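Trainee: I would like a close look at a single part of this model, followed outward into its surroundings. Please take me through it slowly.

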Amino acid sequence: MGLGSLVAFVGFTAVAAYVQTLTGFAFGLVMMGAIALVGLLPLPDAAAMVGMLTLINATQMLVQGGWREVALRELRLILVASLPSLFVGYALLEWLADTRSDLLKIGLGLVIMLSSLQLAIRPAGLAKPSSDASFVGFGVVSGLMSGLFATGGPPLVYLLFRQPLPHARIRETLVTAFGTAQAVRLVVVVASGNLPSLSPVALVLAIPTVMLMTYAARRWPPSLSQRTMRTSVFLLLFLSGLSLALPAAMHLAG
């Protein structure tokens, strides 16, 4: 990896970690979108790297006291459903990467675009918690997305932000679910012998970058309003997804 690619990778990591810490999700979406858009890494390698760095971000947030806020009932239901489907998503990634790379890019682009809408349109809150079946259903979808792109957050974000729970409780439950999913995904990657081909230097630089930006976002949050912050991230993600999916769709059609 050349110097320019290394700087770009670390820069993407910094932005993604900062956004993740402020919003409770979007690390994988920002990283996968940026890496795929510039062709920095093959998508399976990018997903593996995103999973490792998401795990570091989640661990740091929880160690700093976030574990006390986790909603255990909701977390248990999510994990029981999402972890088995993660294996299915990972198998699908390997098949698409080998035979249908354009479909993989279109799928990732659409996931990013649809997920970005959650930042522009906040779901209406519920008066009472959702049923167990709802958590299981959304957990299955999240697991598939985690296996495919290491981005299982959007379904859980939609579900949890509708629950009658404090924001901090929702955020830490999301972070725990993401971290657990990525820990399992990393085991699957290692077991299948598909460790990313990225330079070790990039990983060595990315890890402290994630830790530093996570701390900075918690210690010095931006003076922007939540609405402005969410709108900015929405535009970033939507345009990234569109720029990724459109060329792949045109290539497939041609």
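Which residues in helix 6 meet which residues in helix 7?

Mentor: Since this is a predicted model, what follows describes the computed coordinates. From helix 6, the residues S134, F135, F138, G139, V141, S142 and M145 take part, and they meet P154, P155, L156, Y158, L159 and L160 in helix 7. By class, this contact comprises 10 nonpolar and 3 polar residues, with no charged residues. Helix 7 covers residues 153-160, and its axis lies 7 Å from that of helix 6, the two packing at an angle of about 155°. Because angles over 145 degrees count as roughly antiparallel, helix 6 and helix 7 are described as roughly antiparallel to each other.

The loop between these two helices deserves attention in its own right. A150 is found in this loop between helix 6 and helix 7, and although A150 is not a glycine, its phi is positive, at about 60°. With a relative accessibility of 4%, A150 counts as buried. T151 belongs to the loop between helix 6 and helix 7 as well, and T151 is likewise counted as buried, because its relative accessibility is 4% and the cut-off for burial is under 20%. Once neighbours within four places in sequence are set aside, the contacts of T151 are G28, L29, M32, V111, M145 and S146. One of these, M145, also belongs to the helix 6 side of the contact with helix 7.

Another of the partners of T151, M32, leads from the loop into the interior. Again leaving aside neighbours within four places in sequence, M32 is in contact with L43, A46, A47, V50, L108, F149 and T151. M32 is also among the residues that touch the most other members of the largest nonpolar core, a set of 48 residues, together with F9, F27, M31 and L108. The element that gives the most to this core is helix 3 (residues 43-63), with 8 residues. A second core, separate from this one, has 19 residues, including I78, L174, A177 and F178.

The other side of the picture is the packing of helix 6 against helix 8. The axes of helix 6 (residues 132-149) and helix 8 (residues 167-191) come within 10 Å and cross at roughly 50°, and the two are therefore oblique to each other. In this crossing, which is right-handed, helix 6 passes helix 8. The residues that meet are S146, G147 and L148 in helix 6 and A181, Q182 and R185 in helix 8, and they divide into 2 nonpolar, 3 polar and 1 charged. S146, named here on the helix 6 side, is also a contact of T151 in the loop.

To return to the largest core, F9 is another of the residues that touch the most other members. F9 lies in helix 1 (residues 3-23) and, at 0% relative accessibility, counts as buried. Its C-alpha atom is separated by 9.4 Å from that of L203, although the two residues are 194 residues apart along the chain. Helix 1 packs with helix 9 (residues 200-219) at an angle of about 30°, their axes being 8 Å apart, which makes the two helices roughly parallel. On the helix 1 side, the residues making this contact include F9, and on the helix 9 side they include V201, A202 and L205. The residues of this contact divide into 15 nonpolar, 4 polar and 1 charged.

How values were computed:
Residues numbered from 1 in each chain as written. Predicted model: local features only at pLDDT ≥ 70, side-chain atom pairs only at ≥ 80, totals over all residues. Heavy atoms only, no water. Axes fitted to C-alpha atoms, helices over the stretch in contact; angles between N-to-C directions. Helix = DSSP H or I, 4+ residues; strand = E, 2+ residues; numbered from the N terminus. Parallel < 35°, antiparallel > 145°, perpendicular 65-115°, else oblique. Left-handed = near helix turned anticlockwise from the far one by under 90°. Contact = heavy atoms within 4.5 Å. Nonpolar A, V, L, I, M, F, W, Y, C, P; charged D, E, K, R; others polar. Buried < 20%, exposed > 50% of the residue type's maximum accessible area, 1.4 Å probe, protein only. Core = buried A, V, L, I, M, F, W, Y, C linked by side-chain atoms within 4.5 Å.
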